[in-house]
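Trainee: I am new to this structure and would like a close look at a single part of it. Could you take me through the pocket slowly, and then set it beside a few other features?

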Amino acid sequence: MKPVKSLFVALCALAAVSCAKTTSTDNQFFTLKNDAGMEVTVTNFGGRITAILVPDRDGVMRDVVLGFDKVEDYYPENNESDFGASIGRYANRIQNGKFTLDGVEYDLPKNNFGHCLHGGPTGWQYQPYKVVEADETHIKLEMDSPDGDNNFPGNVTAFVTYTLTADNKIDIAYEATTDAPTIINMTNHSYFNLSGDPANHSVCEDKLFVNASNYTPVDATYMTTGEILPVAGTPMDFTSPKKVGAEIDNFDFEQLKNGNGYDHNWVLDTAGDINLVAARFVCPQTGIKLEVFTDEPGIQVYSGNFLDGTVTGKGGVVYNQHAGLCLETQHYPDSPNKADWPSVVLRPGETYTSHCIFAFSVCSGDGHCAHENQ
């Protein structure tokens with residue numbers, strides 16, 4: 001870890017980067033800034049976004065993601081959370097913690113209802129990334145994952161680069177290589193609350209659009225069944241914007257009962273075109289709008305169902321159910337066991353890439369947003 005510390009000291013001395021040392025280790029906070037006043041704070045521990053400050057319609061800066069005040073609060077012995085994390089090796093769930101690749105069966109840790117979730121109990125969100133580049137508007141982090149990391153095969157070198165653009169976009173680029181056949185599926189796991197006031201404002205009050213005609217249903221253990229079903233005529237239909245909470249408690253609809261709310265993968269209609277909006281999330285109270293763009297085939301929408309008031313976050317705020325909404329761009333859950341779904345296999349000589357953009361702006365004073373009916 002010595003090279004990371006040396007880089008950290010050099011960057012703090014030479015670049016206009018806010019490097020607040022909060023522990024005696026090499027896990028640090030780094031703050032990116034643009035001329036518009038937006039700020040994004042990242043920690044190399046878990047490659048996490050820990051704060052996003054954006055202006056509301058009145059120009060008031062609001063922190064729109066959940067998280068903690070200190071780096072050590074993200075350590076699993078203190079809080080087992082995915083707040084803001086760069087997830088790997090495999091975002092989402094793998095059924096029964098098993099998959100077969102080239103005739104070899106791999107048995108992964110089972111850390112969620114009998115399945116492997118987010119790479120296992122010591123997935124990358126609970127490991128330090130190396131800082132390899134950083135300046136005022138971007139930071140590049142590296143994860144060197146050895147063969148057998150949570151029983152995944154192959155030595156993998158992965159990178160995640162956060163870039164804050166001049167027009168208030170967070171551009172997230174992932175890439176990875178391996179020396180043996182493996183699987184990979186990375187994502188960002190930020191919990192958004194666009195009110196900036198998660199103590200008093202539930203995301204159920206905010207409007208969501210998802211550019212998807214189909215979704216992948218789950219069973220009672222949150223595992224995809226292998227089906228792809230239409231959203232039309234169901235509470236899963238966000239092809240026209242509606243409040244997240246409009247139907248979230250309709251447990252007569254089996255999928256909402258199985259998910260304890262929304263915890264599902266939507267099959268995007270964007271066909272990998274990053275220029276098309278994959279999802280749009282709007283808080284009428286503040287006018288803050290988040291648009292998500294991605295080249296991934298799916299997006300997991302998770303409505304913070306398991307937040308239960310037992311976690312205290314930034315500023316002493318208690319995070320209750322539905323205090324945040326996750327919009328995780330990724331391949332579908334359990335794709336290694338679903339032969340007809342887009343492949344997540346990475347082989348030597350290939351480079352895995354994934355691209356996600358979180359674009360922030362504001363709506364008009366009456367809470368109306370352009371394209372609201374799209």
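Mentor: By class, the residues lining the largest pocket comprise eleven nonpolar, eleven polar and six charged ones, and please keep in mind throughout that this is a predicted model. The space in this largest pocket comes to about 700 Å³, and 28 residues line it, of which E80, S81, D82, L117 and Y191 are the closest to its centre.

Turning from the pocket to the strands, you will find an open sheet of nine strands, which follow one another in the order β10-β11-β12-β13-β29-β23-β22-β17-β20 with antiparallel pairing. Because β10 (130-134) and β20 (242-243) stand at the edges and each have a single partner strand, one side of each is left without a neighbour in the sheet. The partner at the β10 end is β11, which covers residues 138-145 and runs antiparallel to β10, the two being joined by four bridges; within this pairing, V131 stands opposite L141 of β11.

As for the cysteines, a search of the whole structure finds zero disulfides. C326 takes part in no disulfide, and the cysteine sulfur nearest to it, that of C356, is 12 Å away, whereas a disulfide would need the two sulfur atoms within 2.5 Å. C326 counts as buried because its relative accessibility is 0%, and C356 likewise counts as buried because its relative accessibility is 1%, the cut-off for buried being under 20%.

How values were computed:
Residues numbered from 1 in each chain as written. Predicted model: local features only at pLDDT ≥ 70, side-chain atom pairs only at ≥ 80, totals over all residues. Heavy atoms only, no water. Buried < 20%, exposed > 50% of the residue type's maximum accessible area, 1.4 Å probe, protein only. 1 Å grid on protein atoms, 1.4 Å probe; cavity = no way out; pocket = protein on both sides within 12 Å on 5 of 7 lines; lining within 4 Å. Points joined across faces, edges and corners; volume = space filled by probe spheres on them. Nonpolar A, V, L, I, M, F, W, Y, C, P; charged D, E, K, R; others polar. Pairing = 2+ DSSP bridges.
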